[in-house]
Amino acid sequence: MHLLSLLIWLPILGAVAVLAFGRQANTARWLSLAVALATFALSIPLWTGYVPAGPAMQFVEQLAWIPALKANYALGVDGIAIALIVLTTFTSVLVVIGSWGPIDNRVSQYMASMLALEGLLVGVFAATDALLFYVFFEGMLIPMFIIIGIWGGPRRVYATLKFFIYTFLGSIFMLVGLIYLHMKTGEFSLAAFAHAPLSTREQAWLFFAFLAGFAIKVPMWPVHTWLPDAHVEAPTGGSVILAAIMLKVGGYGFIRFSLPITPDASQEYAWLVIALSLIAVIYIGYVALVQEDMKKLIAYSSVAHMGFVTLGIFIALALVRVDGNPDGARLGIQGAMVQMISHGFVSGALFSCIGVMYDRLHTRMIKDYGGVANSMPWFAAFAVLFAMANCGLPGTSGFVGEFMVILSAFQTSPLVALLAAFTLIISAAYTLWLVKRVIFGEVGNDKVAKMKDLDAREWIVLGAFALGVLAVGIYPKPLTDLMEPAVLQIVQQLGLAKA
Amino acid sequence: MIMPESTFNPSDLWTLLPELFLLGATCAILLIDLFLKPSQRDITHLLSLLALLGAGVLVWTGAPAVGQGVAAFNGMFLRDGMATVLKLFVLLMTGLVAVYGRGYMRERKLQVGEFYLLLLFATLGMMLLVSAGSLVTVYVGLELLTLSSYALVALNRDSSISSEAAIKYFVLGAMASGLLLYGMSMIYGATGTLDLAKIHAIADFSANSPHRTLLAFGLVFLVVGIGFKLGAAPFHMWLPDVYQGAPTAITLFIGSSSKLAAFGMTYRLLEGAMGGMQPHWTLMLGVLAALSLAIGNVFAIAQSNLKRMLAYSTISHVGFLLLGFVNGTAVGYAAAMFYTISYVLMAGVAFGMIMLLARAGFEAEEIDDFKGLNRRNPWYAGVMALAMFSLAGVPPLFGFFAKLMVLKAVIDAGQMWLAIVAIVFAIVGLYYYLRVVKVMYFDAPQDDTPLALPGDRAFRWVLSANGLALLALGIGWSPLLEWCYRAFGAQG
C-alpha cells in the first residue's frame, strides 16, 4: 500500500480541488477540513502499523524518477519521521479549524496553500532520496511565502521576502553539497550518502553546507532574524505551521544529513553548534524578556527552545565520540526529538492563543491587554497551561524534552548542562511575566472587559493542543518507544568514524 | 579534374527535406498572402502554423537513429541528434510566437504578411544554423536569421522606440557578424578548410604550431561573435533596448527561438570546429558566464519595466547556459541544451503573459501593470507565478532542475568557484522574480475590475498549457533530460 504517497498527494490534490471548487468560502472550508481530517486519519496507521523491531525504513516506496541521475522517488519512514508526520497532519487539522473564522478573504487560496504545505511537509519527512527531499524542502517555501504575503500583517511583504530569500540562501548551499555527494557516489539516496567515504576536509565543507541550510531553518542564533519578522506578520495559521512544523525540518535535517553523512566533521565542530545553541537558549531568552509584542515574544521563545534541539543532537556526538557513552547520547537525541514534538504542540498552542486574542481586539501588544482571565476564564485556563508547558513545568511536554537534554549534557559537561538549565529560569521569567501582564491582574481596559470567551471552534483547537501537551508530558513512553530504534541506530552510526 | 567528393548526390536532398519543405511552404505563403485582404490575415496565420507543423513532423519522422548523424552535401549539412532536438523546439517556439502574437499584433495593426514570412524565414535560418557542418553554412544560416530579426524588430515602423531598437540591433548585430566572419577567415587561413569536422581534425594548437597565433585570434573572434549573438556580458548592450523596443511577440521570438539557435551555433563552432582548443574557450566562456550572471542579475533588480527586467534576466540565464559549456563534455552540453530548452519555455510564459494583459493602445510591460493580478484573475496570476518561480529556480518547477543539471556539470568539471558564483547570483535573482509575484499577489490592483481576457481561445489555452508544462516538466523531466543526453551521446 502506498500510504506515504497517499499522505503526500492527498493534501496536494485536495488543494487543487479546493482551488477548483472552493468559490464559496464555506465550501472551501468544509472541503479542506475533510481533506485534512482524512490525511490525519490515514497517518494513524503509520504509527500503529510501524514495527519497532529494527532500525530499517518502513512503508518503503521506490520508483525510478530520473534514471540518468539515479534519483528515485524514494519514500520511507522510521520512528522519528513518523512522529513528525503525525504531528504535521494533526496540526494541519487544527490550523484549518482555527482559520475558519479569522480568514474571510480569499478563503480557497488560503486553505489550498495550507493543504499544499501539509503535503510538502509530509514529503520532507518521508523522502529518503536527497533530491526529492530538497524539492519538498524548497517547495514548501512557496505556499508559506503566499500565506504570509497575502494574509499577513502590515509589514507582510518585507517579512515574507526576507523569509523566502533567507531560507533559500541557506538551502542552496546545501544543494551544492548534495551535488558534490552525488558526484562522489553516483546516486542521491541518503543511505548511499551515509556510506560514502569522505575525507575530513570534504566532510568539513559538507558540514558547513548543511549547517547553512538547516541552521537557518531551525533557526539558530545568529541567523534567526527572519523568524520574528515572519511570525509577527504571518496570520495565526501560518505562525502555527511555521513554529510547530517548519522549524522542525531543520532539526530533522541535522539528524538525517549532518550526523550520518559527516560524522567526523560534526564531531569536530560540535563545539560550535553547542555554543550557538547555548547562546540561543540564554541570550535569546533575555531578548524574549523585553518584547512588547506577544507574537514576537513567542517567536524568540521558539528560537530559545529550538536551541535545546540542536544542543541535544550535538551533545550526543560529544558523548559517543569523546566519552564513549552511547546511553547518554541516546538520551540526548531522544530528548531533542521529544523537545521537537513538544515544542510543536506548545508553540502551536501559544500562537493559537494569541490568535484568539488578536481576533477579538486586533492587537498583539501586551500593554493593550490585562486581566483577560476575568472576561475569558476558559481561555485563561488554557493559556496558563500552555505557558506552564513553555517554561517546562513537570507534567507537561515541555519538561520531558528539556530534562532529557540537560541530563545528557550533564554527563559530558556539567558546565554546558548548567548553562542550558538557565533556560528554566529565563523561560519561566518571560512566560510568567507575559501571563501576569496579559491574563491576570485587573481588567486592563473596556475592550478587554467585553471580550467573549472561547467559542466551540477555538475550544476544539486549544483542547486538542492541550491533550497533546499533557499526553507527552505525563506519559511520553509511547512516543519514545516509537523513536527508540531510529535513535539507537543513529547513536550506533555516530560511533563509526568515516575518515 | 573532378574531385570525387564534390559530386552532387540527389539523395542528400532527402536529408534536407524539412528545410526544403519549409522553404517551399514559405514561398507559397508569400504568394498566397499577396491575394489576401487584411481581414483574411488569419489564413496566413493558419498556413504558417501548418508549415511549422509540417516541418516539425518531417524533422521528427526523418530523424536519424539515436546516436547517429547524417551528413549531406559533403558535410556542409549535418542532421544529428542535437539538430533534431533544437529544430523541434525552434519550430515549437516559433509556433508559440505566432499563436501568442496573433491578437497582439492585430491590435497594433502589425498582423501583416511580413510578420509571418519573416518569422518563417528566420526559422529556416535557424534550422540551417543548428545543422551547419561548415563555416559557410553557419554564416548563411546566421545571416538569414539575423536579417529577418532586424526587420521583425523594426516592424512597428511608426514607433520611434522600435526603430531605435532595430537600428541598434542592426548595427551591433552586423558588427558581431563581421567579427565572426573575421574569425572564420583566420581559421580558414590557418587550416585551409571550411568544414567544421576537418577543422577539428586539422587544427594544430600545440605550442610550436606555426598557426598558433592565427588560431588563437580566430577563436577569440568566434567567442566574441557568439557572445554578441547570445547576449552574454560584456557583449549584452543591445539586448535590453531591443527587448524593450521590439513588439512583445518579436521579443519573445528573439528571446526564445534565437537562443536555441545560438546554442546550436555555439556548439557547432566551439566543440564542432575548435574542440582541440577546449581548455582555452572553456576558460573564456567561464569568464563570460560569471560576468553575465553578475551583470544580468544585478541590473535586473533596478528595472521597473518588465520587458527590460526579463532582458537582464536573459543575460543571467545565458550565463547559466554558458556554464554548461564550461564542463566541456557531452554531459555538459546536454545540460546546457536542457537549460536552454527550459529557459525558452519559461520565457514563453512570461512574454505570453505580457501579451495577454496588453490591449489595443496599452502595453502591459511595466511591472506595476501586474499589480493585484491575483484579485483580477487568479488563474493567470498563478500561471505567471509558475513562470517566475521557475525562472528563479525554485523546486519543484522546471527551472530548478535545469539549474541543477548545469550546476552538476560545473561541479563535475571541478569548477567549484563558478558554481558558487552561480549560486550567489541565483539568490540575487530570486529577489526580482519574487518582486513580480509580490506585485501580483500582495499589492492592491490599480483597477478592481476582472481582467478583460482576449477572445482568442487558442492563445489562452496554449498559454495555460505552457505554464502548466513548467510544473509538469518539473515533476517528470526525466524523458526530456534523457533525450538531451542521447542527442549528445552522453552517458548519464
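In the predicted model, B:Gly414, which comes just after helix H18 of chain B, takes a positive phi of about 80°. The helix that precedes this glycine, H18(B), has 15 residues and reaches 21 Å from its first C-alpha to its last, a span close to the 21 Å expected at 1.5 Å a residue. Of these 15 residues, 13 are buried, so H18(B) is largely enclosed by the rest of the structure.

Helix H18(B) also takes part in the contact between the two chains, to which chain B gives 24 residues and chain A gives 29 residues. On the side of chain B that touches chain A, the elements that give two or more residues are helix H17 (378-392), helix H18 (398-412), helix H19 (416-442) and helix H21 (478-487). The largest share of this side of chain B comes from H19(B), with 10 residues. When the residues on the side of chain B that touches chain A are sorted by class, 18 are nonpolar, two are polar and four are charged.

Taken as a whole, chain B contains 21 helices and two strands. Its radius of gyration is 22 Å, close to the 23 Å that the globule rule gives for 492 residues, so chain B is as compact as a globular protein of that length. The C-alpha trace of chain B spans about 75 × 55 × 40 Å along its principal axes, and 59% of the 492 residues count as buried. Among the contacts in chain B between residues at least 6 apart in sequence, 79% join residues at least 24 apart.

Another helix of chain B, H2 (residues 17-34), has 18 residues and reaches 26 Å from its first C-alpha to its last, close to the 26 Å expected at 1.5 Å a residue. The buried residues in H2(B) include B:Pro18, B:Glu19, B:Leu22, B:Thr26 and B:Ile29. Seen down the axis of H2(B), the buried residues fall within an arc of 95°, so they line one face of the helix. A general property of helices helps in reading this pattern: an α-helix has 3.6 residues a turn, so residues three or four places apart point the same way. The buried residues of H2(B) pack against helix H3 (41-61), helix H4 (81-107) and helix H5 (113-130) of chain B, whereas B:Gly24, B:Ala28, B:Leu31 and B:Leu34, on the other side of H2(B), are exposed.

Chain A has 22 helices and two strands. For its 499 residues, a compact globule would have a radius of gyration near 23 Å, and the 21 Å of chain A agrees with this value. Along its principal axes the C-alpha trace of chain A spans about 65 × 55 × 40 Å, and of its 499 residues 63% count as buried. Among contacts in chain A between residues at least 6 apart in sequence, 81% join residues at least 24 apart.

The two strands of chain A, S1 (residues 58-66) and S2, pair in the antiparallel sense over six bridges, and within this pairing A:Ala71 in S2(A) is the bridge partner of A:Ile66. Five of the seven residues of S2(A), which covers residues 71-77, are buried, so this strand is largely enclosed by the rest of the structure. The hairpin of S1(A) and S2(A) has four residues between the strands, and A:Lys70 takes a positive phi near 55° there, a positive value in a residue other than glycine. With 18 C-beta neighbours inside 10 Å, A:Lys70 counts as partly exposed. A positive phi near 55° is also found at A:Arg106, again in a residue other than glycine. A:Arg106 lies in the loop between helix H3 (79-98) and helix H4 (107-126) of chain A and is partly exposed, with 19 other C-beta atoms within 10 Å.

Cis peptide bonds appear in the loop between helix H9 (200-217) and helix H10 (226-233) of chain A, where A:Pro219 is found. One such bond joins A:Val218 and A:Pro219, with omega about -15°, and the peptide bond from A:Trp221 to A:Pro222 is likewise cis, with omega near 5°. A:Pro222 has its place in the loop between H9 and H10 as well.

Elsewhere in chain A, A:Leu175 is placed in helix H7 (residues 156-185) and is buried, with 26 other C-beta atoms within 10 Å. A:Leu175 and A:Gly213 are 38 residues apart in sequence, and their C-alpha atoms are 8.7 Å apart in space.

Conventions. Residues are numbered from 1 along each chain as its sequence is written. Chains are lettered from A and ligands numbered from 1 in the order in which they are written. This is a predicted model: local features need pLDDT of at least 70, side-chain atom pairs count only at pLDDT 80 or more; totals for chains, interfaces and linings use all residues. A residue is buried if 20 or more other C-beta atoms lie within 10 Å of its own, exposed if 12 or fewer, and partly exposed in between; C-beta atoms are placed from the backbone. Two strands pair if DSSP finds at least two bridges between them. The expected span of a helix is 1.5 Å times one less than its number of residues. The arc is that of the directions from the helix axis to the C-beta atoms. Two residues are in contact if their C-beta atoms, placed from the backbone, lie within 7 Å. The radius of gyration is taken over C-alpha atoms; the globule rule is 2.2 Å times the number of residues to the power 0.38. Ala, Val, Leu, Ile, Met, Phe, Trp, Tyr, Cys and Pro count as nonpolar, Asp, Glu, Lys and Arg as charged, and the others, Gly among them, as polar.
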